[in-house]
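Colleague: I would like a close look at one part of this model, the second largest pocket, and then at whatever can be linked to it or set beside it. Please go slowly and explain the terms.

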Amino acid sequence: MAMREEIGRIFDLPVPMIWKVVEAFHLDMDKGLAGEESSLKMIPTYVGMPTGGEKGDFIALDLGGTNFRVLKLTLKGGRKALEPVIMKFALEKKQITGTAEIFFDFIADSVGAFLEKNNLTGKDRLNLGFTFSFPIRQTGISSGILMCWTKGFETTGVVGNDVVKLMNEAFARKRIDNVKISALVNDTVGTLIAKSYEDPDCDAGVIIGTGTNACYPEELTRIKKWPALSGKKGRMIINIEWGNFDKLISTSYDRQLDEASDNPGQQILEKMVSGMYLGEVARMVLSDMSSKKEFACVSMPGLFTKGGFGTEYMSDVEADVTRGLDGVGDILKKLGCSQSSKEDRGLFKDICGIVSCRAARISAACIAAIVTRMDPQLENAHTIAIDGSVFEKHPTFAANMRKALDEIFGVKASLIRPVLAKDGSGKGAAITAAITAKK
């Protein structure tokens, strides 16, 4: 039990430490906006917030992983929209490991199938919003250079090139001539715009799923790396790329995971928060405890294999509220422990809870930094639109985040409202196309 207490201590993020995170986050935000060396890229997106009055039919291509969607959204104005018409498609290995032409031709064929099924082929020009949820250096509202692939993608000929140009070339090859890509956004920006169209208090978008990121609208006068904006009024959404934030206290387990990763020294926050890594952090702690005989169960070989304990297992463990923790026992069997005591199961659940609670508190700290950046005295209401499997499906994550915000802000915490904005990225891309078309 002594080791369990030590794990709880090193993963703890008390309120005084959270305020230090907020301060460090603000400093990196300033540096990023000034074009100085910073762990936060603070990428301008070239798009502002919707008014809620946008109208018309718009389509979106929502590409953030091997499964992607094409949708049509009808905006009615008055912050109202019809339910989108959606078709889903799946990329296969030959597309994500092949050439740019193979990759984009398949996507163009999918868009063409959507247009045909919904009688949109050959109609008046359609403005399309393109959600491309990979690291890009945005060069305009409808242009951006892929900086690197993530999520297992290895398609050649895309890194270093404008993804909108490559998509347009595929449309031309497939003779899709009534679609104009009006806006390029990432999933975080799409989530913010989708929710803010219906809720004027929404001023931050966050993704907490396989990866993690956030965005918010910034005053033009504070984007100092763009001298041309000096003196101009208005706001532009900034893609923070907060997954790379590196001013957090790491444990030996975090450092070990980072060193063994494909990108050591990068995406430090993401490695403590996102679904891609949370289970692995827990596995490393649990395997260390197992090797030190903290569990009565003598053998759990599944814990000693990298990737052997996924984040979905973590969720299942923490969701088990049976008296005997029978569900935890079943997972222990999958890891090689045929007979486990209730004490083993309880300890196993405790450790998973410690790791996920830290992730929720880190997320709350960074949300606190964004909100106090926009509203230092916390005088206004702020809806935080959040999408992603960890926030949506993990049984304690949202509650732990809420608890942390309550601790940070006290009675004023009620002004901050984190809400699930499911599948907002596609809707947001369509609305961004509407904003652009209006201009």
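How many residues of the lining of the second largest pocket are nonpolar, how many polar and how many charged?

Modeller: The lining has nine nonpolar, two polar and eight charged residues. Here Ala, Val, Leu, Ile, Met, Phe, Trp, Tyr, Cys and Pro count as nonpolar, Asp, Glu, Lys and Arg as charged, and the others, Gly among them, as polar. The model is predicted, with pLDDT of at least 70 needed for local features and 80 or more for side-chain atom pairs, while totals for chains, interfaces and linings use all residues. Residues are numbered from 1 along each chain as its sequence is written, and side-chain values use heavy atoms, without hydrogens and water.

The pocket (an open set of points on a 1 Å grid over the protein atoms alone, with protein on both sides within 12 Å along at least five of seven lines) holds about 270 Å³ of space (the volume filled by probe spheres set on the points, which are joined across faces, edges and corners). Its lining, meaning residues with an atom within 4 Å of a point, has 19 residues. Nearest the centre are Ala 81, Ala 194, Lys 195, Glu 198 and Lys 427. At least two lining residues come from each of β4 (80-81), α6 (187-198) and α15 (424-438); helices (H or I, at least four residues) and strands (E, at least two) are DSSP runs numbered from the N terminus. The largest share, five residues, belongs to α6.

Helix α15 also contains Gly 424. This glycine has 4% relative accessibility and therefore counts as buried (under 20% relative accessible area with a 1.4 Å probe, protein chains only; exposed is over 50%, partly exposed in between). Apart from neighbours within four places in sequence, Gly 424 is in contact (heavy atoms within 4.5 Å) with Gly 190, Thr 191, Ala 194 and Asp 387. Ala 194 has already appeared, as one of the residues nearest the pocket centre. The C-alpha atoms of Gly 424 and Leu 192 are 7.7 Å apart, although 232 residues separate the two along the chain.

A cavity can be set beside the pocket. The structure has one cavity of 30 Å³ or more, a cavity being a set of points where a 1.4 Å probe fits but cannot get out. The largest cavity has a volume of about 60 Å³. Ile 43, Thr 45, Ile 136, Gln 138, Val 185, Asn 186, Val 189 and Asn 239 line this cavity. By class they are four nonpolar, four polar and no charged, whereas the pocket lining has eight charged residues.

Elsewhere, Arg 358 in helix α12 is another buried residue, at 5% relative accessibility. Beyond neighbours within four places in sequence, Arg 358 is in contact with Phe 11, Ile 249, Thr 251, Asp 254, Met 272 and Val 281. Asp 254 is also one of the buried residues of helix α7 (residues 252-260), together with Tyr 253, Leu 257 and Asp 258. Seen down the axis of α7, these residues fall within an arc of 135 degrees (taken from the directions from the helix axis to the C-beta atoms), so they line one face of the helix. Among the elements covering them are α1 (2-10), α8 (270-273), α9 (278-291) and α12 (342-374).
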